[in-house]
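Me: Please show me the structure that we are to discuss. I should then like to ask how its descriptions are justified.

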2 protein chains.
Amino acid sequence: MAITIRDIAKKADVSIATVSRVLNSPEDVSHETKEKVEKVMEEMNYKPNAFARGLIRRSIKTIGLIVPDLNNLFYPPVINGLEDGLEENDYNVFLCNTNEDIKKEKKYIDNLLNKNVDGIIFLGTRPTGFQKNKHIIELSKEMPVLMINDYITGAEVYSVMTDERNGAYKAINYLVELGHKRIGFINGDVNYTTYRYKLDGYKKALEDNNIDLRDTYIVNETPYEKGGYKGMKKLLSLNNSPSAVLAASDQIAIGAMNGIFENGYSSDDFSVIGYGDVPLISELYSGLTTVSQFPYHTGQLAAETILKVINGEKMIQKRRIIDPELKIRKSCNKCKGHFEC
Amino acid sequence: MAITIRDIAKKADVSIATVSRVLNSPEDVSHETKEKVEKVMEEMNYKPNAFARGLIRRSIKTIGLIVPDLNNLFYPPVINGLEDGLEENDYNVFLCNTNEDIKKEKKYIDNLLNKNVDGIIFLGTRPTGFQKNKHIIELSKEMPVLMINDYITGAEVYSVMTDERNGAYKAINYLVELGHKRIGFINGDVNYTTYRYKLDGYKKALEDNNIDLRDTYIVNETPYEKGGYKGMKKLLSLNNSPSAVLAASDQIAIGAMNGIFENGYSSDDFSVIGYGDVPLISELYSGLTTVSQFPYHTGQLAAETILKVINGEKMIQKRRIIDPELKIRKSCNKCKGHFEC
DNA sequence: TTGTACGCGTTATCAT
DNA sequence: ATGATAACGCGTACAA
């Protein structure tokens, strides 16, 4: 049996109330008794029981993190930032991996509810549609909820996300500056919030640059290497294949580059822009030009935000928008060579 | 205020003991009252309070996971497997990221102890030395402890790890079969358990193949892309540079390949073997030949093992060793071309 | 089979 | 400034 507040009280010859006070409101206790008690706690290696605490305080400084897929390399750096930000404030995180299974997600939510977490964070973009997110709206009535890279309107749900529309817009503009006019887009499933916005940005940028939109230049794939590879192959098989391509994720971009190399081209012939700025990936193939979502910072901001909500601070804005930035590395070049510009 | 066991008891017109029983020992309660109570619980959407429960049961079905660095891509798939295995048994995991900071690690351990986790898992290889792991030995006297990819002797510490020695051995043998005789090794810090074993395997394989060991062929770097890149540059700058190289991690391998390409070589000229078999990475550069540690399976096995320990099952062996397997893809070729074989 | 009452380790509200 | 004591919500020995 672990050592309790009572043991300390006995040994220090004070009441348990006093012991509790040196822990929670040290200013209410005389300097000397405080020192005495603290010394005993040290000696006996006392550790307050979090359950007993939680029973009264109804909080155990824990937040639940629901991540749809640990194979998505964009998430680890976000989690990293999140965890750092939370740890600084002595909060722990329950990691819940759903594999995009909605049933598993609901089970986890129940579980987290039972365990009385102080808040829940949903990581990653999600399929749109009221039905699919109804349980989150319900949840938000009971406890602080924050989404990373998605949002829900008309509910007490907070968000940290990047301006995807603008990110895609910047990327396309850059490619146009390099002289590209045939610009493809390997996107994810547009039923997911972020991919929808990216598509918007892509279209808007083309329009503003007076470039006609070609449906065949837009392909939708899974946001991983395989998808990028498949998408690239499709684009390369076109009659008038593009000379540059925006990928909706860094992993798509990598897959696309594999496809390019396999067909005997180099990044001299074919420009690729990724999306996300995942630490490792951006260094691949001697440097991937990418739209940075600042994943680590995103996580930090999420931590900061949910802590504010938990502490009851009034939030003027429910959504925090990070402005993405184009990180120019080496995967893009002026349009020339094999392709008509 | 949330709804409690007392509310249920009142509404169902039974005692709180009975309500508690339908939750914990339903066989001790008559079928009809059980149904009645369950119906009320359903209606009132009752959720047992985990704190109160934990206070008595001294367990809350939670394990703490200490990971040294979320930027190490080998970990996410392991965590994935671990989390899946744990979730199946209704266990949650506290994610603790230490950034290799021993102070942070100790703080986390205290934290986890306070929160009464049922066990703690340490992910990843660690620096050897009694001093550095003393706190883990101490910890193991208080609760179940398991290490992934490391071990401690003379303490109640369980392990799931791969036979690194054998993994390196297999890799070198394969390179020899391909005709390579000048084989470099970009290793990590040999003060870490796994890198020490890998070095052993490398040496043993050379010896068994009657190849002289050259100290200059062995370089020690950080186990990430940057390290691989730097290490490769060193090897390429040698008078008699190797024609093949074993990398102590997949991320090292990727960095090494970047170095190779930058110097104008291809994998036709220069063979590279990685280590780990991280899902994404192995697909890079049209397929990295690598020594698979089966990361997902490693995680699953860890989950299974610690649950057994928690449930008091007698474990015949404290260490579970996974035999690594060479996954042959495309980064290795017969020795030829620019380099003497 | 069911109910009463106590204890788990804290914190909070009174007194003193 | 300090102490006694009642909660917090649940599980369980004991009694009925």
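Reply: In this predicted model, a polar side-chain atom of Tyr46(B) is placed 2.5 Å from a phosphate oxygen of DNA strand D.

Me: Why is the pair formed by Tyr46(B) and DNA strand D called a polar contact?

Reply: A polar contact is a pair of N or O atoms within 3.5 Å; within protein, one must be able to donate a hydrogen and the other to accept it, and residues adjacent in sequence count only if both atoms are side-chain atoms. The distance for Tyr46(B) is 2.5 Å, so the pair qualifies.

Me: What makes the pair of Thr18(A) and DNA strand D a polar contact?

Reply: An N or O atom in the side chain of Thr18(A) lies 2.5 Å from a phosphate oxygen of DNA strand D. That value is within 3.5 Å, and therefore the pair is a polar contact. For Asn49(B), a polar backbone atom is 3.2 Å from a phosphate oxygen of DNA strand D.

Me: Which elements give two or more residues to the surface near DNA strand D?

Reply: They are H2 and H4 of chain A, with helix H1 (5-12), H2 and H4 of chain B. H4(B) contributes the most, 5 residues. Helices (H or I, at least four residues) and strands (E, at least two) are DSSP runs, numbered from the N terminus.

Me: How is the surface near DNA strand D divided by class?

Reply: There are 15 nonpolar, 8 polar and 6 charged residues. Ala, Val, Leu, Ile, Met, Phe, Trp, Tyr, Cys and Pro count as nonpolar, Asp, Glu, Lys and Arg as charged, and the others, Gly among them, as polar.

Me: What makes a residue count as near DNA strand C?

Reply: One of its heavy atoms must lie within 4 Å of the strand. Around DNA strand C there are 30 residues, and the closest include Ile5(A) and Arg21(B). Of the strand's atoms within 4 Å of the protein, 59% belong to sugar or phosphate and the rest to bases.

Me: Why is the pair of Ser20(A) and DNA strand C called a polar contact?

Reply: A polar side-chain atom of Ser20(A) is 3.0 Å from a phosphate oxygen of DNA strand C, and this is within 3.5 Å, so the name applies. Thr33(B) likewise has a polar side-chain atom 3.0 Å from a phosphate oxygen of this strand.

Me: On what conventions do these values rest?

Reply: Residues are numbered from 1 along each chain as its sequence is written, while chains are lettered from A and ligands numbered from 1 in the order in which they are written. Local features need pLDDT of at least 70, side-chain atom pairs count only at pLDDT 80 or more, and totals for chains, interfaces and linings use all residues, with side-chain values using heavy atoms and leaving out hydrogens and water.
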